[in-house]
Amino acid sequence: MDVVIGTGKGFFPLESDLIEMAQTKVHRNKRQVTILIIWMILWEVGSESIQYSVLEETESGMFVANLTKDLGLKRGELAERGAQVVFKGNRQHLQLDPQTYDLLLNEKLDREELCGSTEPCVLPFQVLLENPLQFFQAALRVRDINDHAPEFPTREMLLKISEITTPGKLFPLKMAQDLDAGSNGLQSYIISSNPHFHVLTRIRSDGRKFPELVLDKALDREEQPELRLTLTALDGGSPPRSGTTEIQILVLDINDNAPEFAQEQYEAQIPENNSLGSLIITVSARDLDAGSFGEVSYALFQVDDINQPFEINAITGEIRLRKTLDFEEFQSYHVDIEATDGGGLSGKCSLVIKVLDVNDNTPELTMSSLTSPIPENLPDIIVAVFSVSDADSGQNQQIVCSIDDNLPFLLRPSVENFYTLVTEGALDRESQAEYNITITVTDLGTPRLKTQHNITVTVSDVNDNAPAFSQTTYTLRVRENNSPALHIGSVSATDRDSGANAQVTYSLLPPADPQLPLASLVSINADNGQLFALRSLDYEALQAFEFGVRAADRGSPALSSQARVRVLVLDDNDNAPFVLYPPQNGSAPCTELVPRAAEAGYLVTKVVAVDGDSGQNPYLPLPEVAAVEARADPLTVYLVVALASVSSLFLFSVLVFVAVRLCRRSRAASAGRCSGPEGHFPGHLVDVSGAGTLSQSYQYEVCLRGGSGTSEFKFLKPIFPNFVESYMIQTYSI
């Protein structure tokens, strides 16, 4: 492959051409010096862009260039910076080798398909590098090969020439077409050997070559009424290709005048969006002969031209549109018109039609790169790189890009038709985590056409928010003598970040008072902030204490905040030797050792609250209360008296049984502790049952260490606050 350095304003010869030029201009022993000077001049002039050259029809995957070397980059830098090759539109003619990042041919190229008759055929492209963003201008020149032969529109042409035509008369012929360009295109015409005609190769205004037949010797119809000649078109390839057609010449009797057009060349303009059938222009020719020799008919000379979108009325000479025009495909047309009289003589004129551009192409946006998500708290982040184009021309091709004003993003124009979308300052994910951005590309034509491209950009989280407690100070109240591991309250903190940055863990801070054994008093659940009392608290020993808690997230680096917790211990009046615990079953164990010199007995009064629902409440009224309620009924009174007698007898039996049991445990009492495992009373010691309204069994366990006298303690409050409708009071002397 050949590489040519250029400025983008013109193109320089390839290396083989330069060598050939140098060889023809300088002496052999000075050739290398001259070539070196020429290359140095070309490098200075064309340092702005790189041009690569390939032959058309080259197989895909063919090596084009070492892009790393041509751009002056380090090995592997193209891969590190995310290199891309960007052509106009969506067609990629070149590709980068994923391993070596050499420039390879992506597809087989057809110069005639890509550029038509335009020469040279140059496809500009950009090499886009990211991180940091950088552009390199380059171009790919597709060189023509001689893969097409000239072709005539018809295999045979018919000419009618009067026998009185004088030598030197010119007869235009239909030209051949060759899709190749440059030296491979059509170059000349030749005609088979004959005594009457030779052919000339002419060039018309659009550069195309056409043949003209020249009469060298007068014709004689009586001698030869018809001639057949072979017209050959040659291109400049090596070897040359050719195409032929047959010319049939009919020699006519005298028709003195050929039709003549009012103008040799007509010009017209037509917008590309004109409707089919619309009138473009009317041409006119006249013939001075009379009769059928003076009657003129019109025809398009090159009617089989594949790009011919026009038709002519054979009688009126009106030329109308028969095929839709596209300014982006063809900007002008050169049409040849022939007028023929009844005697077969003809005249010719040319019509140049210029197509006017109409804003009928919407702008195109090609996204080269898009970065999402993007981190918050960082300014000037390149979010997207894209290019815009418009197939129209002039004002219709000028483009304006925009986005909504209320978005924290900016559009910045880059080289040529490239733009970058960047952040305007730092973004805050907690304020908005996602942005829907509409890029609007509008041309400046009339009417204005636009294209909208929607992209979604998400903002990734950065750990920039510390957890925040719902309160700066928490006050908790705990009644003394609590059970260990009691849940006494909770603290709560939230973090506005997301993911691991929002996951909060709780911990206790070292106490301000080093004498406070915080680690043995409370603990905190690291996941949910629940606080627990690790041991039973004593109001007389510790009425209140404070400590700090910390909430930290799991981000990197981790952020945290603190709050204060104050715990108030509530007095439970626990100086009595007995306490009702647990309150559900009515047991009254000792809370401390009773000295032998203390009271010989205690009067225990138990209060049971009843909520009035006998179906659900296990604590029913005592017999004394039932007797009062039945006092109005004599029968009820007798029943109550009988029940009281039986109960008294049963109670006396129980007391005797208790006395016997106490004597048996005198050794345990003298040791200073109550009988039973771990100082607790067995649950089956005394079973007091009654008839009538006292259907629930109660157990009372008492342990004394000796002495005489009486004392009493009473529970005057209901065990459960909702049992408020009635109370049952029993008093026992011990």
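In which strand is the place of Ala 384? It sits in strand S27, which covers residues 382-389. Before going further, a word of caution: this is a predicted model.

## Two residues of strand S27

Let's stay with Ala 384 for a moment. Its relative accessible area is 0%, so it counts as buried, the cut-off being under 20%. What surrounds Ala 384, once its neighbours within four places in sequence are left aside? Ala 384 is in contact with Met 367, Ser 369 and Leu 370, and also with Tyr 419, Thr 420 and Leu 421. Another residue to look at is Ser 372, which lies 12 residues away along the chain from Ala 384, with 9.0 Å between the two C-alpha atoms.

Strand S27 is also home to Ser 387. Here the relative accessibility is 8%, and Ser 387 counts as buried because that is under 20%. Not counting residues up to four places away in sequence, Ser 387 touches Glu 364, Leu 365 and Thr 366, along with Asn 417 and Phe 418.

## A histidine in strand S23

Now move to strand S23, residues 332-341, where you'll find His 334. Is His 334 buried or exposed? It is buried, with a relative accessible area of 15%. The side chain of His 334 makes a polar contact of 3.1 Å with the side chain of Ser 205. Ser 205 also turns up among the residues that His 334 touches, when those up to four places away in sequence are not counted: the others are Arg 204, Asp 206, Ser 350, Leu 351 and Val 352.

## The core around Tyr 52

In soluble globular proteins, nonpolar side chains tend to be buried together. So where should you look for that here? The largest nonpolar core has 28 residues, and Tyr 52, Leu 94, Leu 103 and Phe 125 have the most contacts inside it. Several strands feed this core with at least two residues each: S2 (49-55), S3 (63-65), S4 (84-87), S5 (94-96), S6 (103-105), S7 (121-129) and S8 (134-143). Which strand gives the most to this core? That would be S7, with five residues.

Three of these strands, S3, S5 and S6, also make up a sheet of their own. It is open, its order is S3-S6-S5, and the pairing is antiparallel. S3 and S5 are the edge strands; each has a single partner, so one side of each is left without a neighbour in the sheet. From one strand to the next, the twist averages 40°. S5 and S6 run antiparallel and are joined by three bridges. In one of the bridges, Leu 96 has Leu 103 of S6 as its partner.

Close by in the sequence numbering is the loop between S2 and S3, which holds Glu 59. Leaving aside neighbours within four places in sequence, Glu 59 is in contact with Leu 105 and Lys 108. Glu 59 and Lys 108 are 49 residues apart along the chain, yet their C-alpha atoms are separated by 5.2 Å. Their side chains are joined by a polar contact of 3.2 Å.

## Cysteines

How many disulfides does a search of the whole structure find? It finds one. The partners are Cys 115 and Cys 121, with their sulfur atoms 1.9 Å apart. The link is right-handed, with 65° about the S-S bond. Both Cys 115 and Cys 121 are buried.

Two other cysteines, Cys 401 and Cys 663, appear in this table.

| Residue | Relative accessible area | Class |
|---|---|---|
| Cys 401 | 14% | buried |
| Cys 663 | 58% | exposed |

Cys 663 counts as exposed because 58% is over the 50% cut-off.

## Another three-stranded sheet

Further along the chain there is an open sheet of three strands, in the order S35-S39-S38, again with antiparallel pairing. Why is one side of S35 and of S38 left without a neighbour in the sheet? S35 (486-490) and S38 (522-524) stand at the edges, and each has a single partner strand. Neighbouring strands in this sheet are turned by 30° against each other on average, ignoring direction. S38 pairs with S39 (residues 530-533) in the antiparallel sense, over three bridges. Within that pair, Ile 524 stands opposite Leu 531 of S39.

Key. Residues are numbered from 1 along each chain as its sequence is written. This is a predicted model: local features need pLDDT of at least 70, side-chain atom pairs count only at pLDDT 80 or more; totals for chains, interfaces and linings use all residues. Side-chain values use heavy atoms; hydrogens and water are left out. Two strands pair if DSSP finds at least two bridges between them. Helices (H or I, at least four residues) and strands (E, at least two) are DSSP runs, numbered from the N terminus. Axes are lines fitted to C-alpha atoms, for helices over the stretch in contact, and angles run from 0 to 180 degrees between N-to-C directions. A nonpolar core is a set of buried Ala, Val, Leu, Ile, Met, Phe, Trp, Tyr and Cys residues joined through side-chain atoms within 4.5 Å. Buried means under 20% relative accessible area, exposed over 50%, partly exposed in between (1.4 Å probe, protein chains only). Contact means heavy atoms within 4.5 Å. A polar contact is a pair of N or O atoms within 3.5 Å; within protein, one must be able to donate a hydrogen and the other to accept it, and residues adjacent in sequence count only if both atoms are side-chain atoms. A disulfide is a pair of cysteine sulfur atoms within 2.5 Å.
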